[in-house]
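Dear colleague,

Please find the structure below, together with its sequence. My notes on the cysteines and on the ligand site follow.

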Amino acid sequence: MADQRVLITGSAGIVGTFMRPRLRRADRVLRLLDLAPQPAAADGENVELITASVTDADAMARACEGVDALIHLGGHSRENTWEATLDVNINGTHTVLEAARAAGVPRVVLASSNHAVGFRRIDEAGEAGLPADSTARPDTFYGVSKAAIEALGSLYHSRFGMDVIVVRIGSCFESPLLLGPRGLITWLSPDDGARLFEACLSCPSPGYRIIWGVSDNTRRVYSLAEAEELGYKSLDNAETYAAELAGRPELTGIAADHVGGQFCTAPLGTFNPM
Ligand code: 15L
């Protein structure tokens with residue numbers, strides 16, 4: 001059987017960089033697309049490197065040729081101006097989906113974020129956690145773009161039958177230590193991230209789904225049931241870092257009460273380096 005070809009946009013970004021070695025398989029070609037330079041293929045690494053923007057329709061059309069599944073991570077990963085957010089995140093995702101549709105890519109995984117629902121209150125989460133398909137309550141222009149990305153994915157599924165899985169990622173970093181105490185709630189370990197994307201790539205006929213991308217953290221407020229239905233099993237828990245985070249400043253007020261944390265109070269439309 002021919003190798004599976006998986007296109008990853010934004011492959012030089014934080015999550016993309018974590019996924020490159022973790023999604024490597026002998027029977028898989030990773031086609032890695034980013035505007036930024038990427039390390040050359042290591043010995044025996046089955047990768048194809050493309051330098052391009054997700055907003056470039058011709059480049060995306062070429063990138064989607066012969067692709068079995070697409071993981072769309074590309075775009076601004078935090079708050080930015082409305083114009084940049086609209087251009088790269090919303091128009092860029094439209095360009096990506098349109099190229100995937102035209103090339104007959106059967107499955108697309110879209111990176112969304114907790115900030116699509118950042119203004120949901122933490123105390124809305126019941127015992128099982130906040131449902132993965134809770135309706136949008138964005139906390140930023142960035143969050144609005146993620147809600148739009150989710151809606152585009154739904155449209156492309158309904159109109160064209162593409163399998164589309166939207167992953168509302170919590171905070172995917174090497175460890176929750178970079179994030180402060182909120183990371184004990186939101187952390188998605190890179191290894192769990194890879195387990196999650198593998199489940200998205202291999203589950204049979206998912207249709208359109210929204211799932212949370214989070215580790216099985218003791219303090220998690222997001223439901224894992226929807227991701228587990230696709231075969232995801234988290235093996236990590238941010239709580240192992242709790243002692244190291246003790247004494248670090250806790251969020252207060254609106255930021256503490258809502259899923260989006262400090263994004264809920266950061267200035268709108270201003271690049272947020274967090
Ligand atoms: C996100 O969506 C960002 O991409 C990431 O940089 C983190 O800030 C994360 O949310 C978070 O909520 O911690």
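A disulfide is taken here as a pair of cysteine sulfur atoms within 2.5 Å. By that criterion, this predicted model holds zero disulfides.

Two of the cysteines illustrate why. The closest cysteine sulfur to that of Cys64 belongs to Cys200 and lies 17 Å away, which is too far for a bond. For Cys172, the closest cysteine sulfur is again in Cys200, at 13 Å, and this separation is likewise too far for a bond. As to their surroundings, Cys64 counts as buried, with 0% relative accessibility, and Cys172 is also buried, its relative accessible area being 5%.

I turn now to the ligand, which sits in the largest pocket. There are 12 residues around the ligand, and those that come nearest are Ser77, Ser113, His115, Tyr142 and Ser171. By character, this shell divides into six polar, four nonpolar and two charged residues.

Several polar contacts involve oxygen atoms of the ligand. At Ser77 the partner is a backbone N or O atom, 2.5 Å from a ligand oxygen. At Ser113 an N or O atom of the side chain is 2.8 Å from an oxygen atom of the ligand. The side chain of Arg78 also takes part, with an N or O atom 3.4 Å from an oxygen atom of the ligand. On its own, the ligand has 320 Å² of accessible area, of which the protein covers 91%.

When you open the model, I would suggest beginning with the ligand in the largest pocket and then viewing the side chains of Cys64 and Cys172 in relation to Cys200.

With kind regards

Methods: Residues are numbered from 1 along each chain as its sequence is written. This is a predicted model: local features need pLDDT of at least 70, side-chain atom pairs count only at pLDDT 80 or more; totals for chains, interfaces and linings use all residues. Side-chain values use heavy atoms; hydrogens and water are left out. A residue is near a molecule or strand if one of its heavy atoms lies within 4 Å of it. A polar contact is a pair of N or O atoms within 3.5 Å; within protein, one must be able to donate a hydrogen and the other to accept it, and residues adjacent in sequence count only if both atoms are side-chain atoms. Accessible areas come from the Shrake-Rupley method with a 1.4 Å probe; for residues, only the protein chains shown count as cover. On a 1 Å grid over the protein atoms alone, a cavity is a set of points where a 1.4 Å probe fits but cannot get out, and a pocket is an open set with protein on both sides within 12 Å along at least five of seven lines; lining residues have an atom within 4 Å of a point. A molecule sits in a cavity or pocket if more than half of its atoms lie within 2 Å of its grid points. Ala, Val, Leu, Ile, Met, Phe, Trp, Tyr, Cys and Pro count as nonpolar, Asp, Glu, Lys and Arg as charged, and the others, Gly among them, as polar. Buried means under 20% relative accessible area, exposed over 50%, partly exposed in between (1.4 Å probe, protein chains only).
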